[in-house]
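This report walks through one protein model and its ligand. Keep the structure open while reading.

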Amino acid sequence: MIQLAVFSLLLLHCTHVCSFNLDELKNYIDSHQEDYVLTLRDWVAVESDSSDALKRDELMRMMKITENKFNDMKGHTNRFDIGNQELPNGQIIPLPVVVTASFGNDSNKATVCIYGHVDVQPARMEDGWDTEPYNLTEINGNLYGRGASDNKAPVLAWIHAVEAYQALDMDLPVNVKFIIEGMEETGSNGLDELISKQKDDFFSDVDYIIISDCGWLSRKPALTYGTRGNCYFFAEVEGPKQDLHSGVYGGSVFEPMIDLIGLLDTLIDSSGHILIPGINEAVAELTEEERKLYEAIEFDVENFKNKIGTNGLMYDTKEEILSHRWRYPSLSIHGIEGAFSASGSKTVIPAKVTAKFSIRQVPDMDPPTVEKQVTTYLNDMFAKRNTPNKLKVTMIIGAKPWLADVSDPLYVAGRRAVQKVFGVEPDLIREGGTIPVARTFQDVTGKSIIMLPIGGFDDGLHSQNEKMSRYNYIEGTKLFAAYLHEVSQINKS
Ligand SMILES: CC(C)C[C@H](NC(=O)CN)C(=O)O
């Protein structure tokens, strides 16, 4: 009698925990898309700009919202204090906590760890946005807002994928862990140390790491197997003790801005060749196999050019353009702090100016070596100017490149999931941008990593009018739901 009762109870339980059914998950996701857009709206409304010390409270609030979301989903959450940040002016401010969450701890299942970030790049209406950057606005199926694609919608898509399993009482095919940070856009300060400290704790049962902080190359879904690193520099030239009138003093003083512009002009030539000795020499040779990969990718150079809105590109062929975006270093000059930049015509000689530039890193470049090469070169060039002004060069980010093996089972699972949701074979691509922590995950945990993007190729990351299309957000959520199942099938066939 007792046995019968236990059996009935078990049966009752089994009718509640359903097994995987992708169509049900897809239907559920479709019918909840308005809720997902509303949540994205709430998240975009938080000005979690990690580069602006004045927005640090907003960033802290964003981390709290993220933690609350995981708590609402009954995840096992944790918040890690990762210390303080020293700003270039010497000011010390707290770093935002890193939030982790775990769903399930069944030792018979594989465990995936999803990494994402909820901080954003700066955005102001005056930069040329057509809509308020922190007010998610839908136009023609596109959801415009700062951080929509980078990286709030992809983080939410993973959350919604787990929520869909939960709502349908469907057993999660794998244990799912999240690690969400708030400093990615300034180089993931403090995260490397946390990962090393948590190697035998939070990461001890993690089998695979998934990152969805990148985009497709075209309208076709993609799997990303490489990212460039980034060495970001400040070059400060300091002269007179205060700004000067150019009519009164011009012609008699060495102007910091003229020194700085002269210095910047020695970094790169007009054909994109980096002039700092040692940089190009460190780049790994392009292999025949790699060249063939680029050849096989569908990529319309003319469309790329038109989307950017430029009259010409530095290279003509698809292979050249892709390899220079993905596997060669590039040097970009981002801005000059202290320079007069408002509208109008102030006739000032700025007393202190700081240039911001960065060099994207590729195998086999090494950030500490690059730091020395750049500092030595700029100091040598500055010495040649015979100026009494002072130069200070600081490398504020030193992120390494990352490269994965596309034959890894994680990529096979990725191809299957893309097939099941989009009905096509994904492109295998690299990314010119940087996920600073990708290489740390690889080096510290030794686990396989996949980058599974859902962002569009034209999302305007870091730029005006950043967007995530509703299609990519919703189909991306389905992709993630399908991928959890595909990962659970690794080693089973
Ligand atoms: C080190 C950079 C600031 C990192 C940044 N990463 C991303 O945009 C990824 N979403 C980059 O500029 O590549």
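## A loop residue with positive phi

Where does lysine 74 lie? Lysine 74 sits in the loop between α4 and β1. Helix α4 covers residues 56-72, and strand β1 covers 76-80. The model is predicted, and local features are reported only at pLDDT of at least 70. Lysine 74 is not a glycine, yet its phi is positive, at about 65°.

## The ligand site

Which residues are around the ligand? On the acidic side of the list are Asp150, Glu184, Glu185 and Asp213. Two histidines also belong to the set, His117 and His462. Arg360 is there too. A run from Gly433 through Thr434 and Ile435 to Pro436 completes the list. By class, the shell holds five charged, four polar and two nonpolar residues.

Three short distances can be checked on screen. The side chain of arginine 360 places an N or O atom 2.8 Å from an oxygen atom of the ligand. Threonine 434 uses its backbone instead: an N or O atom there lies 2.8 Å from a nitrogen atom of the ligand. For histidine 462, a side-chain N or O atom is 2.8 Å from a ligand oxygen atom. How much of the ligand does the protein bury? Alone, the ligand exposes 360 Å², and the protein buries 90% of that.

## The three-stranded sheet

One open sheet has three strands in the order β6-β7-β20. The pairing is antiparallel. Its edge strands are β6, residues 137-139, and β20, residues 467-469. Each of these pairs on one side only. From one strand to the next, the twist averages 30°.

Strand β7 spans residues 142-144 and pairs with β20 over three bridges, in the antiparallel sense. One bridge can be found by residue: asparagine 142 has serine 469 of β20 as its partner. Helix α15, residues 470-488, packs on this sheet. Helix α15 touches β6, β7 and β20, and its direction makes about 60° with that of β20. Helix α5, residues 148-167, lies across β7 and β20. Helix α5 runs at about 45° to β20.

## The four-stranded sheet

A second open sheet follows the order β13-β15-β11-β16. The four strands pair in the antiparallel sense. Why is one side of β13 and of β16 left without a neighbour in the sheet? Strands β13 (331-337) and β16 (390-399) stand at the edges with a single partner strand each, so one side of each has no neighbour in the sheet. Here the twist averages 20° from one strand to the next.

Six bridges join β13 to β15, residues 352-361, in the antiparallel sense. Among the bridge partners, isoleucine 333 is matched with phenylalanine 357 in β15. Helix α8, residues 256-264, packs on the sheet. Helix α8 touches β11 (229-238), β13, β15 and β16, and its direction makes about 15° with that of β15. Helix α12, residues 367-383, lies across β11, β15 and β16. Helix α12 runs at about 165° to β16.

## Cis peptide bonds

Which residues does a cis peptide bond with omega of about 15° join? The bond links aspartate 150 and asparagine 151. Asparagine 151 is in helix α5, the helix that lies across β7 and β20. Asp150 is also one of the residues around the ligand.

Another cis bond joins proline 363 and aspartate 364, with omega of about 5°. Aspartate 364 is found in the loop between β15 and α12. Both elements bounding that loop appear in the four-stranded sheet region: β15 as a strand of the sheet, and α12 as a helix lying across β11, β15 and β16.

Terms used:
Residues are numbered from 1 along each chain as its sequence is written. This is a predicted model: local features need pLDDT of at least 70, side-chain atom pairs count only at pLDDT 80 or more; totals for chains, interfaces and linings use all residues. Side-chain values use heavy atoms; hydrogens and water are left out. A residue is near a molecule or strand if one of its heavy atoms lies within 4 Å of it. A polar contact is a pair of N or O atoms within 3.5 Å; within protein, one must be able to donate a hydrogen and the other to accept it, and residues adjacent in sequence count only if both atoms are side-chain atoms. Accessible areas come from the Shrake-Rupley method with a 1.4 Å probe; for residues, only the protein chains shown count as cover. Ala, Val, Leu, Ile, Met, Phe, Trp, Tyr, Cys and Pro count as nonpolar, Asp, Glu, Lys and Arg as charged, and the others, Gly among them, as polar. Two strands pair if DSSP finds at least two bridges between them. Helices (H or I, at least four residues) and strands (E, at least two) are DSSP runs, numbered from the N terminus. Axes are lines fitted to C-alpha atoms, for helices over the stretch in contact, and angles run from 0 to 180 degrees between N-to-C directions. Contact means heavy atoms within 4.5 Å.
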